[in-house]
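Please look over the sequence and the structure shown here before reading the briefing. It is meant for a student who is new to reading protein models.

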Amino acid sequence: MIELGSRERRQPPPPRIVWESLANPQLPGARKWLELLPDEIGPRVLRSVEPELVVWSSLWPARLGDEIRFDLSPVGGETSLRWTLLTPEEPPAHEVVSHMRYRLNFLINAQLRYSYGQ
């Protein structure tokens, strides 16, 4: 797998809560944070190890082989969350990769974070 991008930031709740948000983003009654664009599809959870790892399928129908890996670790009462965008294929054009990284960063470090009230 080729790494297309990665970013690590803290999330306010402990890893168990962040893991649940990532492992079940569309669960009825769960906080709403995963707002997809018209050219995106909901992810499938490919692998998970509670509360330290979640791997999603791609959000982009044109890039179905890509994966998004989330590594979680405790930091005090918070969570250090790293997302990593991976592909088994040839990387797309720079502008496409840039858009994909921007979207992941927005979804995880803005939408998810704000859903916790931070």
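The points below deal with one strand and its partners, and then with a single residue in another strand. The model is predicted, and strand β3, which covers residues 53-57, has five of its five residues buried, so it is largely enclosed by the rest of the structure. The residue taken up afterwards, T84, lies in strand β5, which covers residues 78-87.

**Strand β3 and its side chains**
- From β3, L53, V55 and S57 point one way while V54 and W56 point the other way, and the residues on both sides are all buried.

**The partners of β3**
- Strand β2, made of residues 45-49, runs antiparallel to β3 and is joined to it by four bridges, and within this pairing S48 stands opposite V54.
- The connection from β2 to β3 is a hairpin that passes through three residues.
- Strand β4, made of residues 67-75, also pairs with β3 in the antiparallel sense, here over five bridges, and V55 of β3 stands opposite R69 of β4.

**Residue T84**
- T84 has a relative accessible area of 7%, and because a residue counts as buried under 20%, T84 is described as buried.
- The side chain of T84 makes a polar contact with the side chain of S6, at 3.1 Å.
- When its neighbours within four places in sequence are left aside, T84 is in contact with E3, G5, S6, E67, I68 and R69.
- R69 therefore appears twice in this briefing, as it stands opposite V55 and is also in contact with T84, a residue that is itself buried.

Conventions. Residues are numbered from 1 along each chain as its sequence is written. This is a predicted model: local features need pLDDT of at least 70, side-chain atom pairs count only at pLDDT 80 or more; totals for chains, interfaces and linings use all residues. Side-chain values use heavy atoms; hydrogens and water are left out. Helices (H or I, at least four residues) and strands (E, at least two) are DSSP runs, numbered from the N terminus. Buried means under 20% relative accessible area, exposed over 50%, partly exposed in between (1.4 Å probe, protein chains only). A polar contact is a pair of N or O atoms within 3.5 Å; within protein, one must be able to donate a hydrogen and the other to accept it, and residues adjacent in sequence count only if both atoms are side-chain atoms. Contact means heavy atoms within 4.5 Å. Two strands pair if DSSP finds at least two bridges between them.
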